[in-house]
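Here are a few friendly notes to read with the structure open beside you. Take them one at a time and find each spot as you go.

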Amino acid sequence: MNELIKAINELKKEKNAIILGHYYQKGEIQDIADYVGDSLALAQWAAKTEADIIVMCGVHFMGETAKVLCPDKKVLVPDMMAGCSLADSCPADQFAQFVKEHPGYTVISYVNTTAAVKAVTDVVVTSTNAKQIVESFPKDEKIIFGPDRNLGNYINSVTNRNMLLWDGACHVHEQFSVEKIMELKAQHPEALVLAHPECKSTVLKLADVVGSTAALLKYAVNHPENTYIVATESGILHEMQKKCPQTTFIPAPPNDSTCGCNECSFMRLNTLEKLYECLKNEAPEITVDPEVAKKAVKPIQRMLEISA
Ligand code: 13P
């Protein structure tokens with residue numbers, strides 16, 4: 001293991017590469033990454049890096065976002081099969097048709113989408129800045145929000161709007177069980193529930209804090225004296241536990257506890273071995289059709305400008 005870490009670090013230096021990692025990655029990947037963050041931070045780091053190669057340790061749409069922002073750089077992902085159920089729930093042709101059927105609507109898309117969906121979008125959001133960006137539009141603006149219906153419903157409720165929602169969801173966040181969280185709360189009455197807005201509204205109703213991975217982490221770091229039940233992909237517990245070694249974090253269980261589905265199987269496809277191979281071979285490489293990229297970059301840049 002140490003040999004592998006050493007070899008990855010040497011290759012990274014030799015090739016002027018940067019490793020970006022999402023909080024849902026395996027702990028060993030988070031530990032070797034130059035930067036670990038939420039979806040917004042990954043896009044921001046990609047946009048400003050001077051490295052020649054970006055290795056995106058996350059899922060495919062994160063690599064695409066980096067490639068769209070940095071067309072002249074090589075963007076690699078350790079495993080090309082690392083997809084996203086939420087992005088898959090919004091095929092670009094169907095979304096483009098939906099947009100066409102609703103003229104006069106502003107299109108706001110969650111970052112968990114393909115570049116082709118972003119290409120028919122006015123502004124991209126992440127869960128960190130969705131509320132801020134939606135509120136930057138007039139109250140009576142007609143808005144299509146896609147693809148996550150849970151995040152969309154949550155933003156509708158906190159901004160008092162009625163955005164038209166695409167019917168997509170993340171298979172991990174959909175799985176959290178209200179009953180099992182209630183049982184955990186009964187066993188740990190002092191515990192606070194931290195929940196990602198991709199969770200169903202019934203789960204969000206139980207939450208003490210709703211936020212992006214970065215927001216949930218920040219809350220725990222600022223209040224390490226609490227015990228937490230964490231309703232998001234359990235990879236985040238690695239960084240939470242690292243930053244708050246004395247704090248008890250309990251991963252919220254899914255409906256079916258035999259399926260291990262509070263872990264995203266796509267995120268977990270990336271391993272140290274694949275990261276090494278990917279740096280050595282400079283593959284697999286993310287490519288985006290230049291015409292699609294030209295359109296997709298605008299709503300991503302718009303998000304970065306609003307979030308600066
Ligand atoms: P954030 O890290 O932006 O909260 O998003 C979580 C997610 O859905 C990643 O796929």
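**Notes on strands and ligand**

1. Let's begin with one pair of residues: L20 has Y35 as its bridge partner in β2. Keep in mind as you look that this is a predicted model.

2. Now widen the view to the strands around that pair. Strand β1, residues 17-22, pairs with β2 in the parallel sense, and three bridges hold this pairing.

3. These strands belong to an open sheet of four, ordered β2-β1-β3-β4, with parallel pairing. At the edges you will find β2 (35-37) and β4 (74-76), each of which pairs on one side only. On average, neighbouring strands in this sheet are turned by 20° against each other, direction ignored.

4. Which helix packs on the sheet? Look for α4, residues 60-69, which touches β1, β3 (53-57) and β4. The direction of α4 makes about 155° with that of β3.

5. Next, move along the chain to strand β9 (residues 192-195). Four bridges join β9 to β11 (residues 228-231), and the two run parallel. Within this pairing, V193 has I229 in β11 as its bridge partner.

6. Strand β9 is also joined to β10 (residues 209-210), by two bridges and again in parallel. Here A195 stands opposite V210 in β10.

7. Finally, which residues surround the ligand? They are Y23, D38, S39, L40, N112, T126, S127, T128, E198, S212 and T213. By kind, this shell divides into seven polar, two charged and two nonpolar residues.

Definitions and conventions: Residues numbered from 1 in each chain as written. Predicted model: local features only at pLDDT ≥ 70, side-chain atom pairs only at ≥ 80, totals over all residues. Pairing = 2+ DSSP bridges. Near = placed C-beta within 6 Å. Nonpolar A, V, L, I, M, F, W, Y, C, P; charged D, E, K, R; others polar. Axes fitted to C-alpha atoms, helices over the stretch in contact; angles between N-to-C directions. Contact = placed C-beta atoms within 7 Å.
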